[in-house]
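Hi everyone, thanks for making the time. I'll put the structure up and walk you through a few spots in it, so follow along and stop me whenever you like.

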Amino acid sequence: MPRNGRRWRTHVSSAFGPPAMTIVEKKSFCRICGSGCGIVVTLDGEQALKVRADEEHPVSRGYTCPKGRAIATDHHRDERLERPMIRVDGELVATTWDHLLDDLAPKLKRIIATTGPVGVGTFIGGGGFLDASGFYSLLAFGKTIGTPSSYSDMTIDSVSKALAGELFAGISGLEPRADLSKTKMVIFIGTNPVISHTRTIQMHAPTAAMRDMRAHGAELWTIDPRKCETAMRSDGFIQPRPGLDYAVLGYAIRELLIDGADRDYIADHAQGADKLAAAVDRFTLDYTSKVAGVEAETLQAFVAAIRKAGRLSIETGTGVTMQRAGNVTGWLALALMAVTGSLDREGGSWVNPGRIMRKDKADFPAAPEDGWNRPGPKSRPELRGTHGDFPCAAIPDEIAAGNLRAMMVWGGNLEVCLPETARSYAALQDLEVLGVFDVRGNRTVDIATHVMPTKGQLERADMSFVTDTSFPLLVTQYTPALIEPLGDRKAFWWILSELGKRMEIDFFPGFDHETGTDDSFLAYVLGLFGHDFAELREKRLLVEEPVIGWVQKFVDEKLGGWRLAPRLLAEQLAGLETRESAHDADKLILIPRRQKYHENSKLIDLRDPPQVMMNSVDAVKRGFAEGALIRVSTVSGKVERPLKIDDTLRPGVINIPHGWSDEMNVNNLTSTTREVDPITGMLLFSGLEVWVEAA
Ligand code: SF4
């Protein structure tokens, strides 16, 4: 039984297949997160026994994390989905694919005929992103039916990055990464790559990567309210009050514009340096030290390290992007890289254009000065869309208004993503269609109308597709399926093709799904981007050197230089001033955290416990002992979990890992109206003031 006390009702048991004859090892790559580490899977017939690191993988170099090594256990766990299921009289019952699709297709068609395509929404989470067939089928489905109701997990954890790039460089979703082999300084802000790899940091084998960077003379700094595992391995550590990282960056930029910035570079490749200087003018040493709660000497040492390094790279994580100042911190990180001449330049940072999509070779327009400014959905027009998505904060209201009547969920546990858990969960149950593609049961599956079990990562041929930007090189990797699918699981491409046939829509023109295979679908997708599948299948890993300078060229030609001080962000920074000195000492500030053994809600019940972490100073002050059940509240809601005392946290800070379900869901503490970023519509999951009491 899962640790949160629930028992999934969707389990359909099955045997593991025919008796095993021999034990074999097969190579693949992990798709729990986007890092794509090379793995070796030990198989006994159709049963996965064990996963270990592939020592010969040229990028991950023999590294896996505990999540990757749990793939075999995860594959056979009780909650796995094996049969299509459909809701009948309030209960999910196993059915056939024909019955499910014959029921689903006319319902979707009827909704589109009644409301227009807007009535059918899509949501994609990690399970969809990390499956090439899944991700492409989402693109094809959304584009072909023409729905604007596109939602993704980006608007619950990282949309500020998309916005900052859009306004600063005209490119939505610009994500510069360290030029690992040459950089002289890397600054980690609100990110902990030693534990939380994901696809955003191109540091496979993170501890070894940090060691390698040091070996060629790089200095590593971490800015975080918690002395996290990455901070422990860094040369410098700044522990500001939560949400005040931007003040530290503002101070550094102010100082460098006085002494240390690359003046020639700024003159040739940037615009608005005077406006940037004005925007950060309040961040003097004394002021920054006071509002951020950081010793003046530490701030001075930080700037001295930047001056010494010359070029640098800054990595930001969800500790930045999930809080109120996420947009301005993302902007100032780009600005600090630009004023030091480090952005998209050797020894600083670079932007992986993707080996399949090759953005560096594509011709696309630059975003206007205030961004694309796409209005939000009808019920929440003020929640502006970014990067092609509507903000998830709008979902409950869109359902309540009757604008959203169906939601197709591509491999994501929507229940743990949405705010105000009870209201959102009730809203999802009001949908006419909640179609879920997944490999295992969860609370979103529990309330689905149509459950479509997809092939797990050991069961499908696959390639790195949208996640190929996770690598420190241009990389595409391929894996064949290692074992047969459990039960009646199907590939995304097959399900969408069959659904399309019944809706009289061809989602994949030119692809013959009647004779199709996973391989032929990958070949089809690669062909659309001008790549050859035969070479990839034969070699399994294709690598090209990084391309540095393509974004700089784009920005020079299309914008006339980096926009150092985008108007919207400069205004938002000015607006934060009133909050900088205001702090209620009785309240704690909430920050997020990724635990070691689970990836969001994936693998959540295997090892990590649901906990609340607090410094011993705060615990003693409130009379709490280790393990006590405590209640954490905001005006929006509450969460109850056992206490873990953790002195790596700055006093005054409370830490609640996300991914947990139902009443333990930290999203209960936020709100779709009070806690929403005014520019992106992003829910604020971090930096909230909370109060705590014994439960
Ligand atoms: S870092 Fe990501 S890809 Fe690598 S083993 Fe862990 S979960 Fe898998």
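Start with V41, which stands opposite V51 in strand β3. V41's side of this pairing is strand β2, residues 38–44, and β3 covers residues 47–53; the two run antiparallel, with six bridges joining them. Between the strands of this hairpin there are two residues, and G45 takes a positive phi near 60° there.

Before I go on, a word about what you're looking at. This is a predicted model. The protein chain has a mean pLDDT of 90, and 94% of its residues reach 70 or more. So where should you be careful? Look at residues 1–16, where pLDDT stays under 50. The model does have 45 contacts beyond four places in sequence for that stretch. Still, low pLDDT means that predicted coordinates should not be read in detail.

Okay, on to the ligand. Which residues are around it? Going along the chain, we have C30, I32, C33, S35, G36 and C37, then T64, C65, K67 and G68, and finally H197. If you sort that shell by type, you get five nonpolar residues, five polar ones and one charged.

Now let's move to some more strands. Strand β10 is residues 219–223, and four of its five residues are buried, so the rest of the structure largely encloses this strand. What pairs with β10? On one side of the list there's strand β9, residues 185–189, which runs parallel to β10 and is joined to it by five bridges. Then there's strand β11, residues 236–238, also parallel to β10, with three bridges. A handy residue to click on here is W221. In the pairing with β9, I187 stands opposite W221, and in the pairing with β11, W221 stands opposite G236.

Next topic: salt bridges. How many does the structure hold? The count is 54. I'll show you three of them.

The first is D462 with R460, where the closest N and O atoms are 2.7 Å apart. Are these two buried or exposed? Both D462 and R460 are buried.

The second one is K501 with E514, at 3.5 Å from N to O. K501 sits in helix α21, residues 492–503, while E514 is in the loop between α21 and α22, so this pair ties together parts that are 13 residues apart in sequence. As for how open they are, K501 is partly exposed, with a relative accessible area of 45%, and E514 is exposed, at 57%.

The third is E693 with R631, whose side chains meet at 3.4 Å, N to O. This pair links distant parts of the chain: E693 is in strand β27, residues 689–694, R631 is in strand β24, residues 629–633, and they are 62 residues apart. E693 counts as partly exposed, with a relative accessibility of 34%.

And let me come back to K501 and E514, since they belong to something wider. Salt bridges with shared partners join D98, D102, E498, K501, R502 and E514 into one network.

While we're around helix α21, have a look at S497, which is found in that helix. Is S497 buried or exposed? Buried means under 20% relative accessible area, and S497 comes in at 11%, so S497 is buried. What does S497 touch, leaving out residues up to four places away in sequence? The answer is F508 and H513.

Last stop, two backbone oddities. D89 isn't a glycine, but D89 has a positive phi of about 50°. You'll find D89 in the loop between β4 and β5, and at 78% relative accessibility D89 counts as exposed.

The other one is N373. Again we have a residue that is not a glycine, with a positive phi of about 50°. N373 is in the loop between β14 and α17. With a relative accessible area of 47%, N373 is partly exposed.

That's my tour. If you want to look around yourselves afterwards, you could begin with W221, which stands opposite G236 in β11, or with the buried pair of D462 and R460. Okay, over to you for questions.

Definitions and conventions. Residues numbered from 1 in each chain as written. Predicted model: local features only at pLDDT ≥ 70, side-chain atom pairs only at ≥ 80, totals over all residues. Heavy atoms only, no water. Salt bridge = Lys/Arg side-chain N within 4 Å of Asp/Glu carboxyl O. Buried < 20%, exposed > 50% of the residue type's maximum accessible area, 1.4 Å probe, protein only. Near = heavy atom within 4 Å. Nonpolar A, V, L, I, M, F, W, Y, C, P; charged D, E, K, R; others polar. Pairing = 2+ DSSP bridges. pLDDT = per-residue confidence, 0-100. Contact = heavy atoms within 4.5 Å.
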